[in-house]
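Let's take a guided walk through this model together. Keep the viewer open and follow along as we go.

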Amino acid sequence: MENSRRSFLKLAGISAIGLGTKPVLDAFASSEAHGEKHGPEIFPNQEALTAKRWAMVIDTRKFESEADLDPIIEACNKIHNVPKFKEKRHEIDWIWVDEFKHVFTDLEHEFVDDRLKHLPFLVLCNHCENPACVRACPTKATFQREDGIVLMDFHRCIGCRFCMAACPYGSRSFNFRDPRPFIKEENKAFPTRMKGVVEKCNFCAERLAVGKMPACVEASNGAIVVGDLHDPDSEVRELLKNNYTIRRKTHLGAGPAIYYIV
Amino acid sequence: MNDKNIIITGLIIFFVFLTFPFWYNLGKASPVPEPKLTDKAKAAKECVEPKEYMKVEHMQILDIWRDGVVREANRVYISKKGKRFNMSLSTGDDSCMGCHSNKAEFCDKCHDYTSVTPYCWDCHIEPPKEKK
Ligand code: SF4
Ligand code: SF4
């Protein structure tokens, strides 16, 4: 009796070990089998333009009136299927024009010089170092890439507009209406948006990915330059070194990546 | 006790009513649709992965591609067989719709049959209707 109970316990113990290790062995076996087959892989484009930290320098000395800025804005709107609404409250903007006193609220004073006072400034998403919009977005539809570009994944946007409330620069617009009928000429290579999502400048991520410069840069005759802020030899660093530049509302700590030469 | 007939009639009417959808649609089952391939798709012989796989998994591939392109800036797909593809639904001739430019005859056929309504086309621009 005694004997048979002992042998039963032994047997039970050994089987328990055996059963316990089986899933582990299975996992090993299957991972080996996977390693042999060539699974699908996903890569970035080779010709993509890359940077450690993208930044933009806008040389406002090269602009005189809004007429100089229109082609730049138009280029962006056209490429990104940005709709043109008649009513101000429906307006969608990726890049637009504003006055010094609204753009540089913290630098503005009564006696700011005449040129700046009347100069139109290009404004767009600042692709902030510490983007408030990203922290506010509950669905991670707005996110920051490693290279600093703040992007929107329109597929995920639920239209809560937290990001719009969070952004200190008013860089974001909401689609209150279906934008399709208000796009004059659709660019078939870029999606439109739908009613109920937020949109903003995407630093032409879709163009950088195929080795092209942003549309505004191309349309600016050299007045707008983008490049790697972390590369001391880049063109933007060269410009920053040799010119006095200002950024918008720096006291907020967002760390805007758009620099203005004034 | 004399209500037997009424009850039975009632039951029959109820039963007929209950099974109405079945016999009403009897023999009317629409045949499983066969999506049409464009000449370009036919010539390519195989999609990014084998046909059977695409039939079952195309939505997974599209999902992975979407996140890859939008969130990771990855645009090149190397298939299991080692072939290279441009990851895009609707941009350019080497995108999904570049080959399957007949959305109505290709995508919609099965999607309609299975009552699936993907919202791709709320934003992505449909390829223009095929010229015959
Ligand atoms: S400017 Fe506004 S939208 Fe752009 S990254 Fe900064 S907080 Fe976000
Ligand atoms: S509106 Fe869209 S992008 Fe903005 S916070 Fe809400 S989900 Fe995020």
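A good place to begin is a single charged pair: the side chains of B:Arg71 and A:Asp153 meet in a salt bridge, with 3.1 Å from N to O. Please keep in mind that this is a predicted model. Across the interface of chain A and chain B, the rule finds 1 salt bridge. Polar contacts add to the picture, as 10 residue pairs are linked in this way across the interface of chain A and chain B, both residues of each pair being at pLDDT 80 or more.

Which strands of chain A each supply at least two residues of the side that touches chain B? They are strand E1 (41-43) and strand E6 (150-152). The largest share of that side, 3 residues, comes from E1(A). By class, the side of chain A that touches chain B holds 13 nonpolar, 7 polar and 10 charged residues.

E1(A) also pairs across the chains. It is joined by 3 bridges to strand E1 of chain B (residues 76-78), and the two run antiparallel. To find the register in your viewer, start at A:Glu41, whose bridge partner in E1(B) is B:Ile78.

Now step back to the whole interface. In terms of contacts, 30 residues of chain A meet 25 residues of chain B. The size of an interface is often given as the accessible area lost when the parts come together. Here chain A and chain B bury about 2,500 Å² between them, and 57% of it is on carbon and sulfur atoms. Of the area that chain A buries against chain B, A:Pro40, A:Ile42 and A:His155 supply 24%, more than any other three residues.

Next, turn to ligand 2. What kinds of residue make up the shell around ligand 2? The shell divides into 10 nonpolar, 3 polar and 1 charged. Of the 14 residues around ligand 2, those that come nearest are A:Cys137, A:Cys157, A:Cys160, A:Arg161 and A:Cys163.

Our last stop is a sheet within chain A. Its 4 strands form an open sheet in the order E9-E2-E11-E10, with mixed pairing. Strand E9 (224-228) and strand E10 (245-246) stand at the edges, each with a single partner strand, so one side of each is left without a neighbour in the sheet. Strand E2 (residues 54-59) and strand E11 (residues 258-261) of chain A run parallel and are joined by 4 bridges. Along this pairing, A:Met56 stands opposite A:Ile258 in E11(A).

Conventions:
Residues numbered from 1 in each chain as written. Chains lettered and ligands numbered in written order. Predicted model: local features only at pLDDT ≥ 70, side-chain atom pairs only at ≥ 80, totals over all residues. Heavy atoms only, no water. Contact = heavy atoms within 4.5 Å. Buried area = accessible area lost by both parts, 1.4 Å probe. Salt bridge = Lys/Arg side-chain N within 4 Å of Asp/Glu carboxyl O. Polar contact = N/O pair within 3.5 Å; in protein donor to acceptor, adjacent residues only side chain to side chain. Nonpolar A, V, L, I, M, F, W, Y, C, P; charged D, E, K, R; others polar. Pairing = 2+ DSSP bridges. Near = heavy atom within 4 Å.
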